[in-house]
Amino acid sequence: MTNRIVVIGAGPTGLIFSLLNATSNAFITLLESRPPHDRNSDMRALALSNSSRYILEKINIWEYLKKDIIPIKSIHTSQKGTFGRSRLNAEEFNEEALGYIVLYGDLMKALEEKIKKQKNLEVIYSASAQKINDEKIESQEVIVNQSKKLISHSYNLLVLADGGQSKIEGLDLKRNEKLLDHSAIVTLVRLNSPHQNIAFERFTPSGPIALLPNHEGNYSLVWTGPNDKIKKLMALDDESFINSLQNEFGERAGLFKSCQDRIIFPLVQSSVSKIKNKKIVAIGNAAQTMHPVAGQGLNTGLRDALKLSGLIINEGKGSLTEKLVGDYLSSRLAETKSMLKITEGLTTVFSNDFIGVNRLRGFALSILDCTPPLKKRFVRKMSYGK
Ligand SMILES: Cc1cc2nc3c(=O)[nH]c(=O)nc-3n(C[C@H](O)[C@H](O)[C@H](O)COP(=O)(O)OP(=O)(O)OC[C@H]3O[C@@H](n4cnc5c(N)ncnc54)[C@H](O)[C@@H]3O)c2cc1C
């Protein structure tokens with residue numbers, strides 16, 4: 001029998017999951033509420049790990065994307081107000097790079113091109129999933145608003161890859177949500193010297209600031225902090241914004257010269273604790289959403305996609321049972337939990353401004369810098385999730 005899989009959400013996770021299923025015995029219907037190409041101008045810089053590179057190679061996207069990718073050869077981490085710092089270099093770990101920067105929009109463009117060529121699949125744009133009917137054991141269906149018409153799609157497995165924000169009637173899902181009250185400003189900045197493939201992470205009492213190498217020697221800036229502060233920073237003119245940034249970031253990367261349009265992203269931390277509906281599984285941000293401090297959101301989501309597609313391909317011509325859903329969930333639980341813990345730890349520990357704690361953290365960064373096995377474990381976790 002041919003299994004029918006409906007995927008809700010053609011963001012990077014939904015698209016990559018569908019491409020990973022090219023050799024499966026399933027027919028995939030991929031539903032996306034927005035029109036095609038709508039997200040191709042998103043300039044959010046994503047730091048992809050070595051495990052994500054492996055996944056993109058597996059679906060033959062890496063070669064195509066190569067011209068848009070910037071390798072990170074070195075990562076400098078520091079903390080405002082202390083001397084503690086850590087520096088990680090790719091050669092120390094026998095890796096070609098510690099990570100790879102790609103813009104969300106560039107990745108989407110490449111994936112949308114690739115998906116057009118896949119045979120066992122249909123992508124329906126401007127199609128928003130509204131309701132799930134799954135009371136009858138013999139038939140499960142999702143009702144979709146497709147260009148103002150309600151259309152039903154039946155499924156043997158429903159994959160939620162909607163980023164975790166949509167409301168779908170009939171979906172009985174429990175989520176652990178932590179209100180972070182933080183948001184992020186993303187923009188492109190130019191300094192007096194080019195990036196030389198170095199990424200910087202600077203911890204400040206109000207939140208981490210990251211500088212990620214981008215095209216033409218520029219950096220992508222991700223400045224996170226409490227909503228009030230971020231709102232005020234958004235309201236500044238470019239010159240005052242650059243001055244505030246220099247003041248918070250210091251001169252470790254050089255002198256800030258200019259910035260482009262600023263975009264704001266609200267930040268949430270959440271994870272699905274239970275889905276009562278049978279034969280529904282969540283992957284990517286729909287399953288867990290984390291602070292971008294360690295650049296792990298999409299990397300974790302792609303490992304979800306790899307695991308789930310592996311189980312589906314292994315099933316061959318067999319039917320996609322609830323056992324498959326159970327096996328998937330138990331195989332991903334430990335990694336998801338630890339990634340959420342790490343990112344939450346990084347944001348709260350470094351945001352604590354008690355007297356003395358600051359010096360201790362500076363000390364911890366120096367210890368990390370001087371202890372090769374610790375560094376190695378940290379890089380392995382960030383690169384491969386293990
Ligand atoms: C500032 C910032 C920086 C980041 N940096 C990094 C980084 O360096 N590295 C990293 O790994 N991650 C990073 N992330 C996280 C990363 O962006 C997300 O993990 C990733 O985008 C999740 O992809 P997704 O496909 O799961 O969800 P999304 O990208 O949210 O896509 C979900 C899709 O589902 C569609 N959809 C929603 N509801 C419906 C519906 N009802 N019906 C049909 N379609 C629907 C939406 O239109 C959307 O296209 C960062 C995030 C932010 C905010």
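Visitor: What makes a residue one of those that surround the ligand?

Guide: A residue counts as near if one of its heavy atoms lies within 4 Å of the molecule. In this predicted model 32 residues surround the ligand, and the closest are E32, R39, R44, Y104 and N285. Local features need pLDDT of at least 70 and side-chain atom pairs count only at pLDDT 80 or more, while totals for chains, interfaces and linings use all residues. Residues are numbered from 1 along each chain as its sequence is written, and side-chain values use heavy atoms, without hydrogens and water.

Visitor: Why is the pair formed by E32 and the ligand called a polar contact?

Guide: The term covers a pair of N or O atoms within 3.5 Å; within protein, one must be able to donate a hydrogen and the other to accept it, and residues adjacent in sequence count only if both atoms are side-chain atoms. An N or O atom in the side chain of E32 is 2.6 Å from a ligand oxygen, so the pair meets the cut-off. A polar side-chain atom of Y104 also lies 2.6 Å from an oxygen atom of the ligand. For A47, a polar backbone atom is 2.7 Å from a ligand oxygen.

Visitor: Why are α1 and α7 called roughly parallel?

Guide: Their axes are 9 Å apart, at an angle of about 30°. Angles under 35 degrees count as roughly parallel, over 145 as roughly antiparallel, 65 to 115 as roughly perpendicular and the rest as oblique. Therefore α1 and α7 are roughly parallel.

Visitor: What makes α2 and α7 oblique?

Guide: The axes of α2 (residues 50-58) and α7 cross at roughly 45° and come within 9 Å. That angle falls among the rest, so the two helices, α2 and α7, are oblique to each other.

Technical notes
Axes fitted to C-alpha atoms, helices over the stretch in contact; angles between N-to-C directions. Helix = DSSP H or I, 4+ residues; strand = E, 2+ residues; numbered from the N terminus.
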